[in-house]
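Please open the model in your viewer and keep the sequence panel at hand. The stops below proceed by selection.

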Amino acid sequence: MNIVTALLKTSIGKKIIMALTGAVLIGFIIGHLVGNLQIFSDPEKINAYAHFLQGLGPALWLIRLFLLLCVGLHIWMAVLLWCENKKARSQSYTASHTIQASYASRTMKYSGFIVLAFILYHLAHFTVKATNPEYNEMMWTLADGTVVPDVHLMMVAGFSSLTVSLFYLISVGLLSFHLSHGFQSMFQSVGLRTETWGRALKVISIVLSLAYFAGNAVIPLSVLTGKVSRPDSSIEAVAESVSSHLNTPSG
Ligand code: HEM
């Protein structure tokens, strides 16, 4: 606890917290992307994978809490640093800003805010399924006979909507943009960015964020173009099941 309190007292300490939490979040989004790319395999694969994750039980909740803590700290530090910068700028407004800040670095707070809005929508969409309760009806029987949520069908149904796909594309685009600066900045904050490899780091950041965008974008695009699909019958079966529930008089 003492280390955190000491870090919170200085700007560099706050930047270190941002870097460390950013590193955890980057690890998560890359792992999540690799998992999601299983949509290109048989539905059995991604459904068994999602079932395995759900089966982690308390460990899954610990991971979720840890991620939430990282998101919270990352945002909190960003707000504190932004307030400090604003205060410092208003005190020395005559000083000219000669340091060339990239567009991505100047817009970090906007891209970060939109990514946060996206995460909230995304959780409501695919995890809580509040936006589309019919996803709860989508079930798959694994090779061993276990009936599990059909995450593959849920993704196909979700991205069949042009509006939803566009929203995902824009959001992961902004997240990648956020990453293109955040990744380099992370090294700078922990003192690992030197003159010699600063340029290489910039290239790595851009390649990483473009690859990350491409990996995510290919999912909705493949559904929209019919490269990834499911027999209409599975979607129809869900629609029928939902309407039969709606038509059943309650009580
Ligand atoms: C095309 C892009 C994406 C796709 C297709 C996708 C897909 C999914 C799916 C299907 C789930 C629910 C899994 C289940 O029910 O077991 C999920 C959960 C989640 N996604 Fe994504 N996702 C994408 C991008 C992202 C991004 C960019 C972030 C973060 C910035 C993110 C964060 C999360 C989180 C936090 C969860 C909840 C995990 C949990 O249950 O604890 N996702 N995603």
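Begin with the ligand in this predicted model and select the helices that surround it. Helix 2 (11-36), helix 3 (43-54), helix 6 (108-127), helix 7 (151-159), helix 8 (162-189) and helix 9 (195-224) each contribute at least two residues to the shell around the ligand. Within that set, colour helix 6 separately: with six residues, helix 6 gives the most to the shell.

Next, display side chains around the ligand. The surroundings comprise 21 residues, of which N36, A50, F126, N216 and I219 come nearest. Colouring the shell by class shows 14 nonpolar, six polar and one charged residues.

Now move to helix 1 (residues 2-9) and helix 2. Two packed helices are described by the angle between their axes and the distance between the axes. Here the axes come within 5 Å and cross at roughly 120°, which means that helix 1 is oblique to helix 2. To view the contact, select A6, L7, L8 and K9 on helix 1, together with G13, K14, I16 and I17 on helix 2. By class, this contact has five nonpolar, one polar and two charged residues.

Finally, colour the protein chain by pLDDT. The chain has a mean of 90, and 91% of its residues reach 70 or more. Among its elements, helix 3 has the highest mean pLDDT (98), whereas helix 10 (residues 232-247) has the lowest (68). Then select residues 95-99, where the pLDDT is below 50; this stretch has zero contacts in the model beyond near neighbours in sequence. Where pLDDT is low, the predicted coordinates should not be read in detail.

Key: Residues numbered from 1 in each chain as written. Predicted model: local features only at pLDDT ≥ 70, side-chain atom pairs only at ≥ 80, totals over all residues. Near = placed C-beta within 6 Å. Helix = DSSP H or I, 4+ residues; strand = E, 2+ residues; numbered from the N terminus. Nonpolar A, V, L, I, M, F, W, Y, C, P; charged D, E, K, R; others polar. Axes fitted to C-alpha atoms, helices over the stretch in contact; angles between N-to-C directions. Parallel < 35°, antiparallel > 145°, perpendicular 65-115°, else oblique. Contact = placed C-beta atoms within 7 Å. pLDDT = per-residue confidence, 0-100.
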